Amino acid sequence: MMRLADYAAPTLTDLLPITHNNDSSVIIQTMGQSKHDSGKEEKRRRMMRRSGKRKKKKELPIPYVLERTDCMVTRTAKDGVTLQLFLHTTLPTSVMSDTMNTFQSLLSGMLSPMLDQLTRRLTSSNCYAHVACVVLQRQLRAMLQPSRINSTDSADTDNKNNNNADGDNKKYLNAVAFVADGSILPRKSGRSSLPMSSPPALPFESPESEQLTRVAEVEVGSFWRRFLNDDGTIRVPIKDAGGDENSATTMDNGVSATMAKSTTVQMRGMIIPCGVTLIVGGGYHGKSTLLQHALSMGVYDTIPGDGREHCVSHRDAVSVRAEDGRYVSDVNVTAFLSALPTGRSINGASIPSENTERLTRFRTGDASGSTSQAANVVEALESGASALLVDEDVSAANFMARDGRMRAMIMDEPITP
């Protein structure tokens, strides 16, 4: 359900806002557009007009398939679905004083053309390819290892709906992540979610190792298989939202008999096995790129064209790092801290020498790098995380390791790496 809503929401943004032909003050727009048109956004535009900078900054698309609040898809009693749209309407006082019938006819006349276009796009091959890409990611994620946290929108639910589940005989990869060959991991810039063009970006290649390289055969079902190539890439090129795609039934003309009967796709890539895995290499060799853009964000499904459509992580994986200055409340950090400095004030109270009780319910409004990372690790484990992703670049050095020279200099170090 969330997959269809994720496609419908940006499509709706492309079709709106709309204004009445005879009265430009009557405006129908999405909730997001209404939010940006008021408050600080309006003040920013006024300042730009005064300074002569009239070019509007284009908002970057969100590449992740997330639950929407302005567009929802719910199931009906007769195995159907209902698309719920939450819109914002701006009406003048003259329209508000009209009768209810006049008001309804006004909105109906404005919304009917837009809803017709939305219906055509939701039944196009472009939409089906978008959903097929997300189905593939969720089926691949379900092959990593059994989930330890129940989810109402898990891949196991998709398996039941598509009759693709193998039950207890399902073969798991016994891994926490999978990165397919050919994936584009670098982003266009540090502030952009768009993929970097290739070249200069290099497609990912799995190492020549029998322990890390796998060929995953993913079951997606006969219907969604029609929109995917043998390697899992989509068969229908994703066009701009303004494009007019043909109906999905035209896809049958370009599908071979073998592909029509197949229900699986095969992808070659690298797994991150269960246990302790170190990613090592020289500077500017892509260690943080792999960890941050592929493994950490692999818990989310991505849209076609993002470059990371076939990079998935177990849904329970959590990225932990040092967060100087964060607030910590009632966290047991005795696994990493053996004592706190005598006389140190926390929330206005002086800490005695025997402060084991304080460590079992550690509280502070200004955590250091090591204590904040310790709290992050404990909170992740208490939340049921199946994997911890740690980047040395954003971690506290004294929390990660302590060599012999540091042990000789600081013999009463309370931190246990």
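In this predicted model, Glu219 has Thr264 of strand 9 as its bridge partner. The two strands involved, strand 8 and strand 9 (residues 264-273), are joined by seven bridges. Their directions are antiparallel.

This pair belongs to an open sheet of four strands. The order of the strands across the sheet is 8-9-7-11, and the pairing is antiparallel. Strand 8 (213-219) and strand 11 (311-313) form the edges, each pairing on one side only. On average, and with direction ignored, neighbouring strands of the sheet are turned by 35° against each other.

Two helices were found to pack on this sheet. Helix 6, which spans residues 125-142, touches strand 7 (175-180), strand 8, strand 9 and strand 11. The direction of helix 6 makes about 120° with that of strand 8. Helix 10, made up of residues 287-296, touches strand 7, strand 9 and strand 11. Relative to strand 7, the direction of helix 10 lies at about 100°.

The cysteines were considered next. A disulfide is a covalent bond that links the sulfur atoms of two cysteines. With a cut-off of 2.5 Å between the sulfur atoms, the count of disulfides in the model is zero. Burial was assessed for individual cysteines, among them Cys71 and Cys127. Cys71 has a relative accessibility of 1%, and because buried means under 20%, Cys71 is classed as buried. Cys127 also has a relative accessibility of 1%, so Cys127 is likewise counted as buried.

Conventions: Residues are numbered from 1 along each chain as its sequence is written. This is a predicted model: local features need pLDDT of at least 70, side-chain atom pairs count only at pLDDT 80 or more; totals for chains, interfaces and linings use all residues. Side-chain values use heavy atoms; hydrogens and water are left out. Buried means under 20% relative accessible area, exposed over 50%, partly exposed in between (1.4 Å probe, protein chains only). Two strands pair if DSSP finds at least two bridges between them. Axes are lines fitted to C-alpha atoms, for helices over the stretch in contact, and angles run from 0 to 180 degrees between N-to-C directions. Contact means heavy atoms within 4.5 Å.
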